[in-house]
Amino acid sequence: MPKGSDLLVAALENEGVDRIFGVPGEENLDVVESLRTSGIELVLTRHEQAAAFMAATHGRLTGRPGVCIATLGPGALNLSTGAAYAHLGAMPMLMLTGQKAIMSSRQARFQIVDVIAAMKPLTKLSRQIVGTASIPTLVRDAFRVAMEERPGPVHLELPEDIAGEECADVPLVPPHPIEIPVAHRDALDRAAEMILQARRPLIMLGAAASRPRSTAGLAGFVRRTQIPFFTTQMGKGTVPGGGNLYMGTAALSERDYVHDAVDRADLIIAIGHDTVEKPPFIMGPSGPRVIHVSYMPANVEQVYFPHAEVVGDVGPSLELLADRIEGRLHNAGALLKLREGILGRITDRATEDRWPPTPQRIVHDVRQVIPPDGILALDNGMYKIWFARNYRTYVANTVLLDNALATMGAGLPSGMMASMLYPDRRVMAVCGDGGFMMNSQELETAVRLGINLVVLILEDKAYGMIRWKQAVDDFPDFGLTFGNPDFVRYAEAYGAHGWRVGATEKLIPTLEAAFKAGGVHLVVCPIDYSENTRVLVDELRAHLPVIEPT
Ligand SMILES: Cc1ncc(C[n+]2csc(CCOP(=O)(O)OP(=O)(O)O)c2C)c(N)n1
Ligand SMILES: [Mg+2]
């Protein structure tokens, strides 16, 4: 006779789950036993937070929920940052947690936390499984909720008595494809009219543009309209091959060079913008008109209040929009004349050979060793702004950047997940010396799994971004520096390879050698952060937006 945990695992197999990440506890042991004899691989991590980051990244890259598992109380709570990461970042994920038996209580309140309540604000759905009979439908529903727009995390708690209870073999619910409705004809007509009338149109690609299902539709829209585009940080790399129309990425909210184009535009077609992101530009009463194209209606904010909306499945809706305007746009390329100037300023000092290297040089050199389809997974720190601003992409969804929860510690686990999903591509995690140490224990997981991954640690012996903001706000330099372990020996202690870059011209050969060797590599390179203030404050303060007669 099957037991509850067998039904749960069968229901997960029914959804096509092939791996579960996590740290089991006593209360999960029935599930672990059911997994042992299943086709699902249990991937142990060294912290539940990393398991959740990996599962969320699985969802982000495939559109199918990644699954993670933890015990009750402390284990479940360690998933919470990952839950928020997936919730703000719209990544489908299923979290499974254990719980003490609900029908009898022999341990009083030992380790008991109201995990359902704790997960409520961090998930789209958080439910306790109270009987075996409902397991197949609950799992099916959890997957639907996680995947449907706006995607995100769901949570199921399986108490140990339900997990171990023998039960009848309840039939599973077969999944079926569900199409997302396409935008209404009137909305498409209205948007087409606005685009046809625009004198200086500009496309903006935002976070939701990165859903794997919309990749082809987006590329087609850009190609057919030839309207130049810029991206938000999380929209970076959503359009493949659109290189000659790329105007930049808005790493800052205003005054950057890309804002020369934004400020000059009279219409912005904002595709997939999600206001969880730090604003890519600030709307004002006299700025450009904005058409919001996305799966979900716009959230109206002080800085974002679109004038028209095209809501529906983004790919097919854009196809219908392109049908209405293709070949009829006379001003599509009006802003393209600004492109060279914007991109030229961005690449300033990209090949300068000072030691330690500048962020611009590091971004430039990293690009040289990553093939077009290689994947970059960024942690959170000062360098993220530089990568967002300066890194160019050629293939869709090749930059994993979190501008939603913007949590430190996700760089290594998200890079590990990308490497597991795409073992034939080069994958690099870029981390600060602060963020790396928040989940560095996962080096053991990476080595154990035998994956290929290069981790570049940018060392400034500080929580650099906060230290920089402290300086920009005229606070004295205080309280934000630390020491580091010897990263080379640290890597070696895990059975990984460690490298220290000792000269600027050594960065490319070191990274290249690391990729060629395969396995897990930690490459440490110091970074000269004096550029933060020189460029991102002084230069941009002096930068006056281009004013041209309209
Ligand atoms: C979990 C978490 N804690 C704190 C912060 C606030 N924070 C943002 S960037 C940063 C410093 C990052 O330091 P490091 O990883 O060394 O990168 P650096 O900026 O020095 O390049 C901090 C503390 C955060 N985003 N996430
Ligand atoms: Mg640092």
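**Entry 1: ligand 1**

I began at ligand 1 and looked up its contact with alanine 462: an oxygen atom of the ligand sits 3.0 Å from a polar backbone atom of that residue. A note to self before going on: this is a predicted model.

Which other backbone atoms have a polar contact listed with ligand 1? Glycine 435 has one, with a polar backbone atom 2.7 Å from an oxygen atom of the ligand. Alanine 406 has another, where a backbone N or O atom lies 2.9 Å from a nitrogen atom of the ligand.

Next I wanted to know how much of ligand 1 the protein covers. Taken alone, the ligand exposes 590 Å², and the protein buries 78% of that.

I then asked which elements give two or more residues to the shell around ligand 1. I wrote down helix H15 (382-390), helix H17 (433-438) and helix H19 (464-472).

The shell holds 18 residues, and the closest are Asp433, Gly434, Gly435, Gly464 and Tyr529. Sorted by character, the shell has nine nonpolar residues, seven polar ones and two charged ones.

**Entry 2: the magnesium ion**

My second stop was ligand 2, a magnesium ion. Which residues coordinate the magnesium ion? I found Asp433 and Asp460, each through OD, and Ala462 through its O atom, at 2.1 to 2.2 Å.

Two of these names were already in my notes. Asp433 is one of the closest residues to ligand 1, and alanine 462 has a backbone contact with ligand 1.

Along the sequence, the donors follow the spacing D-x26-D-x1-A. I also checked whether alanine 462 is buried or exposed. Its relative accessible area is 3%, and buried means under 20%, so alanine 462 is buried.

**Entry 3: the whole chain**

I stepped back to look at the protein chain, which has 22 helices and 18 strands. Along the principal axes, its C-alpha atoms fill a box of roughly 75 × 60 × 45 Å.

I compared the radius of gyration with what a compact globule would give. For 550 residues that would be near 24 Å, and the protein chain has 24 Å, so the two agree. Of the 550 residues, 58% count as buried.

**Entry 4: helix H14**

Why did I write "largely enclosed" beside helix H14 (residues 359-369)? Nine of its eleven residues are buried, so the rest of the structure largely encloses it.

I listed the buried ones by name: Pro359, Gln360, Arg361, Ile362, Val363, Asp365, Val366, Arg367 and Val369.

**Entry 5: cis peptide bonds**

A reminder I put at the top of this page: most residues other than glycine have a negative phi, and most peptide bonds are trans.

With that in mind, I looked up two cis bonds. Tryptophan 355 and proline 356 are joined by one, with omega about -5°. Proline 356 belongs to the loop between helix H13 (339-346) and H14, the helix from my previous entry.

Glutamate 149 and arginine 150 are also joined by a cis peptide bond, with omega about -20°. Where is arginine 150? I placed it in the loop between helix H7 (135-147) and strand E6 (153-159).

**Entry 6: positive phi**

Now for the other half of my reminder. Alanine 108 has a positive phi, near 50°, and is not a glycine. It lies in the loop between strand E4 (93-99) and helix H6 (115-119). Its relative accessible area is 57%, and the cut-off for exposed is over 50%, so alanine 108 is exposed.

Glutamine 111 lies in the loop between E4 and H6 too. Its phi is positive as well, about 65°. At 31% relative accessibility, I noted glutamine 111 as partly exposed.

**Entry 7: two buried residues and some distances**

I finished with two residues and a ruler. Glutamate 27 is found in the loop between strand E1 (19-23) and helix H2 (29-36). I asked whether glutamate 27 is buried or exposed. With a relative accessible area of 2%, glutamate 27 is buried. From its C-alpha to that of proline 316 is 45 Å in space, and the two are 289 residues apart in sequence.

Serine 126 lies in strand E5 (residues 125-128). Serine 126 is buried too, with a relative accessible area of 5%. Its C-alpha atom is separated by 31 Å from that of alanine 183, a residue 57 residues away along the chain.

Technical notes:
Residues are numbered from 1 along each chain as its sequence is written. Chains are lettered from A and ligands numbered from 1 in the order in which they are written. This is a predicted model: local features need pLDDT of at least 70, side-chain atom pairs count only at pLDDT 80 or more; totals for chains, interfaces and linings use all residues. Side-chain values use heavy atoms; hydrogens and water are left out. Donors are N, O and S atoms within 2.8 Å of the metal (3.2 Å for Na, K and Ca); water is not among the atoms, so sites may look incomplete. Buried means under 20% relative accessible area, exposed over 50%, partly exposed in between (1.4 Å probe, protein chains only). A residue is near a molecule or strand if one of its heavy atoms lies within 4 Å of it. A polar contact is a pair of N or O atoms within 3.5 Å; within protein, one must be able to donate a hydrogen and the other to accept it, and residues adjacent in sequence count only if both atoms are side-chain atoms. Accessible areas come from the Shrake-Rupley method with a 1.4 Å probe; for residues, only the protein chains shown count as cover. Helices (H or I, at least four residues) and strands (E, at least two) are DSSP runs, numbered from the N terminus. Ala, Val, Leu, Ile, Met, Phe, Trp, Tyr, Cys and Pro count as nonpolar, Asp, Glu, Lys and Arg as charged, and the others, Gly among them, as polar. The radius of gyration is taken over C-alpha atoms; the globule rule is 2.2 Å times the number of residues to the power 0.38.
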